[in-house]
Amino acid sequence: MADQVIIFDTSLRDGEQAPGATMNLQEKTHLAGQLENLGVNVIEAGFPASSGGDFEAVQAIASQIRNCEVAGLCRCRRSDIECAWEALNKAAFPRIHCFLATSPIHMEYKLRKSPEEVLEMIKQGVGFAARFTSNVEFSAEDASRTELDFLVQAVDAAIRAGATTINIPDTVGYAQPEEFAARIRYVLENVPDSDKAVFSVHCHNDLGLAVANTLAALRAGARQAEVTVSGLGERAGNAALEEVVMALKVRKDYYGLETSIHTEQILHTCRALSMLVGQPIPANKAIVGANAFAHESGIHQDGVLKNPETYEIMTPESIGRTKTDLVLGKHSGRAAVKSKLEELGYNLDEEQLVIVVDALKKLADRKEKIYDEDVEALVLEEVYRLPDQYKLEDMSVNCATAGVPPTAAVVMQVRGESRRFASFGAGPVDAVFNTINSIIGASPRLHRYAVNAITRGTDAQGEVTVRLEYNKCTAVGRGSDPDILVASAKAYINALNRLEMKNEV
Ligand code: KIV
Ligand code: ZN
């Protein structure tokens, strides 16, 4: 039987640290539910001591998730560990995840601690965490730049203090696959009780090697991979869950390893995250990009028609890409909508279902065919954004030829109060954004504006993503609508709401 690899998903913690990727509580609990459906073994739900929002999210996820472990991150400090345990103790399978840097540069400049002091902090921190649960993970931050023999001492101290998982992170994405594999082997061979813990890796993608390093480490004996959906994470991101999992599945002959991931849920999970954080999946993204299974060259098309395996190493169905995802129309009733939502992983209550059914009917009046992506976009917009501070009520835009500048009139809610204004702009989008700025009395800087068609056809919904900056804080927003100006306003307002979550507007 093949060895099992534990899939530890940190999209809600490291992933959420990606610029602009903030999620609200409902969005986080929804993603956690989807990660459970996907079959991950551990969900790292947040860093409870870092903010009230993180604490609340870890606590909510710990109470909700029953089929996998829920982890909370903490420094090797008593107050962090107590806080993590307070957030985690309702979990079916809680895990305390302590970390401390072990590289010379981090110890000297960041921690200002000697190696001996760091070893003592590991002993004290892990030992304290082990009083609450037997499921304790220790991460030696910046392990790939840590002196090998000191890494062995740090890992040894953590295992002796009660850690049952040892994580070797490539925090700055510096490692190279063969070198990283050799490091894992060295630690496994030189820590006396290495068989008492599961070894884990956590690789960042600064040199584009996060997945390669993760796979090399698994071949060298690590049995936990810390990953994020679509590789979302700090800077260039983390190892992408879908790439690690599919590499292990497609090349089982090479790795001899298995995971518990229900791979048919992969595409849906990646799409859900992309919509939640307002970051579209690039067309050429491995496994889940729109072009990942598209064959353009005549020779390839001919080969695939004769035998798909000529150019396809996995089937589109194996990652959840169905050929016919056309689902609902004008006459679809409540039961059909409910069953489609369940298939997509959304278990909505009655009130939420009514909201979605109504919104779908309105959309079906404007758009002939409704696809899975349309349904997901609607749920995220209509259900998961209800507690927003800013909400679009109505708008109209007038455009003309040269001489008359475009004008926009917007009616929107600002903290429950309806406000209206009209103004000009260089173009219609500029007019809409200027008007919203006048209504809220602030002018965030627009760093990115992108429009994408969610599905095919000229009546497809436009999906707009924007990135705003205000007071040195950035947020991404996403909006969809068959009218791209309305989608633009929704995206802008969504980004404002995310800035508001960070108390910036
Ligand atoms: O990259 C890193 O080292 C981390 C640790 C906290 C595990 O995210
Ligand atoms: Zn990290």
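## Ligand shell and a helix pair: worked exercises

One thing to start from: an oxygen atom of ligand 1 sits 3.0 Å from an N or O atom in the side chain of His 204. Keep in mind that this is a predicted model.

**Exercise 1.** Work out which other side chains put an N or O atom close enough to an oxygen atom of ligand 1 for a polar contact, taking within 3.5 Å as the cut-off.

*Solution.* Start with Asp 14: an N or O atom of its side chain is 3.1 Å from a ligand 1 oxygen. Next, try Thr 171, where a polar side-chain atom lies 2.6 Å from an oxygen atom of ligand 1. As for cover, ligand 1 on its own exposes 260 Å², and the protein buries 94% of that.

**Exercise 2.** Describe the shell around ligand 1 by residue class, and say which strands each supply at least two of its residues.

*Solution.* First, list the neighbours: Arg 13, Asp 14, His 97, Phe 99, Ser 139, Glu 141, Asn 167, Pro 169, Thr 171, His 202 and His 204. Then sort them: two are nonpolar, six polar and three charged. Finally, look at the strands: E5 (94-101), E6 (136-141) and E7 (165-170) each chip in with at least two shell residues.

**Exercise 3.** Classify how helix H11 (residues 266-277) and helix H15 (residues 372-382) cross, and give the handedness.

*Solution.* Step one: the two axes come within 10 Å and cross at roughly 45°. Step two: that angle is neither under 35 degrees nor in the 65 to 115 range, so H11 is oblique to H15. Step three: the crossing of H11 past H15 is right-handed.

Technical notes: Residues numbered from 1 in each chain as written. Chains lettered and ligands numbered in written order. Predicted model: local features only at pLDDT ≥ 70, side-chain atom pairs only at ≥ 80, totals over all residues. Heavy atoms only, no water. Near = heavy atom within 4 Å. Polar contact = N/O pair within 3.5 Å; in protein donor to acceptor, adjacent residues only side chain to side chain. Areas by Shrake-Rupley, 256 points an atom, 1.4 Å probe, with all protein chains shown as cover. Helix = DSSP H or I, 4+ residues; strand = E, 2+ residues; numbered from the N terminus. Nonpolar A, V, L, I, M, F, W, Y, C, P; charged D, E, K, R; others polar. Axes fitted to C-alpha atoms, helices over the stretch in contact; angles between N-to-C directions. Parallel < 35°, antiparallel > 145°, perpendicular 65-115°, else oblique. Left-handed = near helix turned anticlockwise from the far one by under 90°.
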